[in-house]
Amino acid sequence: MSAPVLEPRVEAPPAHKTPRLRPGLALAVIASCNAMIQLDDAIVNIALPGMRADLGLSDVGSSWVLNAYLLTFGGLLLLGGRAGDILGRRRVFLTGVALFTAAAAVRGLASDVELLTAIRVVQGVGAALAAPSGLALVLSMFEEGAPRKRAIAVCTAAGAVSTAGGLLLAGTLSGLSSWRWGLLLNVPLGVLILVLGPLAITETRRNPGRFDVAGALLSAVGAAALVYGLARAAEQGLGDVRALVCVAGAVVLFAVFAGVERRAAHPIVSLHLFRSRNRVLAYVGTLAVPGSIMGAYFFLNRYFQQEAGYGPLGAAVALTPLAATMAVMAWAAVRLERRLGPRYLMAGGAALLLTGNLWLSQLGPGTSYAGGILPPLLLLGAGMACCVIPPTVLATSGLRRGDAGAASSMLNAVQTLGGSLGLAMLVAVASRSGMSLGFTAGAVCAGVALLAALLIRPGSGTGVNAESGA
């Protein structure tokens with residue numbers, strides 16, 4: 001009997017790893033990135049008066065410290081999301097965090113406005129890479145339904161807690177030492193993310209394709225023009241010629257962008273994302289909601305320090321209940337969403353935002369904090385928490401394979417645009433008619449979000465058939 005022939009053993013290729021290895025730690029890392037980016041806004045706004053005094057910033061120079069970041073962040077978001085899909089989301093996420101952290105570490109050493117503005121540009125690039133890739137990683141790690149909603153709630157709560165903590169810490173440091181120390185608050189958090197990120201998150205599968213250069217340029221320039229036009233309108237008024245030209249140019253660029261994307265073999269944004277009614281309504285709600293909360297931070301901070309006699313720390317403490325309520329309610333919103341559905345939860349949140357803004361529109365010199373300011377702040381915090389989870393879930397559900405980055409970057413882009421648009425409208429109205437009508441404009445934004453919520457079709461789906469994987 002002949003000896004058996006031994007076939008060479010062929011080992012199966014290793015299974016592709018997904019970011020499910022340490023989902024809890026990975027979520028903590030991504031939520032920390034979200035907190036770091038949101039914390040930065042509070043830090044810079046608290047530090048801005050000190051920057052003006054030490055660096056001799058003019059009004060134009062001060063605006064560029066803010067706008068250089070917003071223009072880069074808003075302009076590159078779509079490209080950042082696509083980069084994560086093609087190059088790997090963990091790689092792009094950590095690259096963005098590294099750029100953001102490095103810029104945060106050196107900006108406190110800036111000696112003039114030109115260097116500070118350049119550093120803020122680098123920060124904007126880092127945020128545009130990290131934010132959409134972070135959200136896309138969440139979509140890859142957590143399945144649609146309760147797990148994903150809880151993950152989104154964690155990121156929402158982390159952002160709210162960081163805003164509250166950032167206000168307090170930045171106010172304390174600005175009052176006790178120097179604005180330069182306050183700008184370093186993000187650095188330890190960024191370093192921690194860079195250390196834990198590679199350990200907690202495994203790389204996602206790269207999606208085949210190439211960069212849509214024409215689409216990237218059109219979206220970047222169009223978004224930058226729109227953000228700049230809205231920011232200038234907030235400073236100079238809605239009738240400013242340069243602001244109108246920038247906004248009109250952005251509209252033209254976006255129209256050309258839509259035509260290019262329709263014919264592109266590998267578009268930077270898949271237009272089928274807009275075929276779902278619920279997803280489009282989620283974008284509308286995301287666009288409107290920032291304007292309903294912007295007035296509380298912008299107008300009340302000025303009111304506390306210029307009219308009520310509060311210092312930077314006192315103003316930060318007075319605003320903290322808003323962010324604290326939002327953090328607490330983010331957890332409750334997950335359970336409420338399961339009982340009520342995204343339509344009624346978002347509608348209820350928008351109604352709270354509307355009520356809070358109308359309440360604050362009655363603010364006057366004799367208004368007490370406990371009776372006239374604290375209650376509407378609590379309403380705004382609860383309303384904001386209820387208005388974050390439903391549109392995020394609707395906008396990121398039912399995605400085709402490879403669309404997580406595009407969907408995440410689009411949601412971030414709409415949110416950034418909503419913040420710029422809301423601030424421009426509120427400031428323009430308030431500069432002509434006073435803070436009271438500014439809060440009324442915030443109520444109008446909340447009303448738009450309420451209408452969008454009521455038009456959402458019942459059920460949590462978006463009406464787009466999901467393919468396997470994110």
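Student: At what angle do helix 3 (residues 89-107) and helix 4 (residues 113-141) pack?
Tutor: This is a predicted model, in which local features need pLDDT of at least 70 and side-chain atom pairs count only at pLDDT 80 or more, while totals for chains, interfaces and linings use all residues. Residues are numbered from 1 along each chain as its sequence is written, and side-chain values use heavy atoms, with hydrogens and water left out. The axes of helix 3 and helix 4 (lines fitted to C-alpha atoms over the stretch in contact, with angles from 0 to 180 degrees between N-to-C directions) are 7 Å apart. They pack at an angle of about 150°.

Student: Are helix 3 and helix 4 roughly parallel or roughly antiparallel to each other?
Tutor: The classes are roughly parallel under 35 degrees, roughly antiparallel over 145, roughly perpendicular from 65 to 115, and oblique for the rest. The angle between helix 3 and helix 4 is about 150°. Helix 3 and helix 4 are therefore roughly antiparallel.

Student: How many nonpolar residues are in the contact of helix 3 with helix 4?
Tutor: Ala, Val, Leu, Ile, Met, Phe, Trp, Tyr, Cys and Pro count as nonpolar, Asp, Glu, Lys and Arg as charged, and the others, Gly among them, as polar. The contact of helix 3 with helix 4 has 7 polar and 4 charged residues. Its nonpolar residues number 17.

Student: How many helices does the protein chain have?
Tutor: Helices (H or I, at least four residues) and strands (E, at least two) are DSSP runs, numbered from the N terminus. The chain has 0 strands, and its elements from the N terminus on are written as a run of α. The number of helices is 14.

Student: What percentage of the residues in the protein chain is buried?
Tutor: Buried means under 20% relative accessible area, exposed over 50%, and partly exposed in between (1.4 Å probe, protein chains only). The protein chain has 470 residues. The buried share is 54%.

Student: Which arginines are buried in helix 3?
Tutor: The buried residues of helix 3 include Val92, Phe93, Leu94, Gly96 and Val97. Phe100, Thr101, Ala103 and Ala104 are also among them. The buried arginines are Arg89 and Arg107.

Student: How far is Cys33 from Leu94, C-alpha to C-alpha?
Tutor: Cys33 is in helix 1, and counts as buried at 2% relative accessibility. Leu94 is also buried, in helix 3. The two are 61 residues apart in sequence, and their C-alpha separation in space is 9.7 Å.

Student: How are helix 1 and helix 7 oriented to each other?
Tutor: The axes of helix 1 (residues 23-55) and helix 7 (residues 186-200) come within 9 Å and cross at roughly 160°. That makes helix 1, relative to helix 7, roughly antiparallel.

Student: Within what distance do the axes of helix 10 and helix 11 come?
Tutor: The axes of helix 10 and helix 11 cross at roughly 160°. That makes helix 10 roughly antiparallel to helix 11. Their axes come within 7 Å.

Student: Which residue's backbone nitrogen does the side chain of Asn278 reach?
Tutor: Asn278 is in helix 10 (residues 277-306). At 4% relative accessibility, Asn278 counts as buried. Its side chain reaches, at 3.0 Å, the backbone nitrogen of Arg457.

Student: Is Gly285 buried or exposed?
Tutor: Gly285 lies in helix 10. Its C-alpha is separated by 9.5 Å from that of Pro390, 105 residues apart along the chain. At 0% relative accessibility, Gly285 counts as buried.

Student: With which side chain does the side chain of Ser361 make a polar contact?
Tutor: A polar contact is a pair of N or O atoms within 3.5 Å; within protein, one must be able to donate a hydrogen and the other to accept it, and residues adjacent in sequence count only if both atoms are side-chain atoms. Ser361 lies in the loop between helix 11 (312-360) and helix 12, and at 6% relative accessibility it counts as buried. The side chain of Ser361 reaches the backbone oxygen of Leu358 at 2.5 Å. At 3.2 Å, it makes a polar contact with the side chain of Gln362.

Student: How many residues of helix 12 are buried?
Tutor: Helix 12 (residues 369-395) has 27 residues. At its start, a side-chain oxygen of Ser368 reaches to within 3.2 Å of the backbone nitrogen of Gly371. Helix 12 is largely enclosed by the rest of the structure, because its buried residues number 20.

Student: Which residue just after helix 13 takes a positive phi?
Tutor: Helix 13 (residues 404-433) reaches 43 Å from its first C-alpha to its last. Of its 30 residues, 21 are buried, so helix 13 is largely enclosed by the rest of the structure. Just after helix 13, a positive phi of about 100° is taken by Gly434.

Methods:
The expected span of a helix is 1.5 Å times one less than its number of residues.
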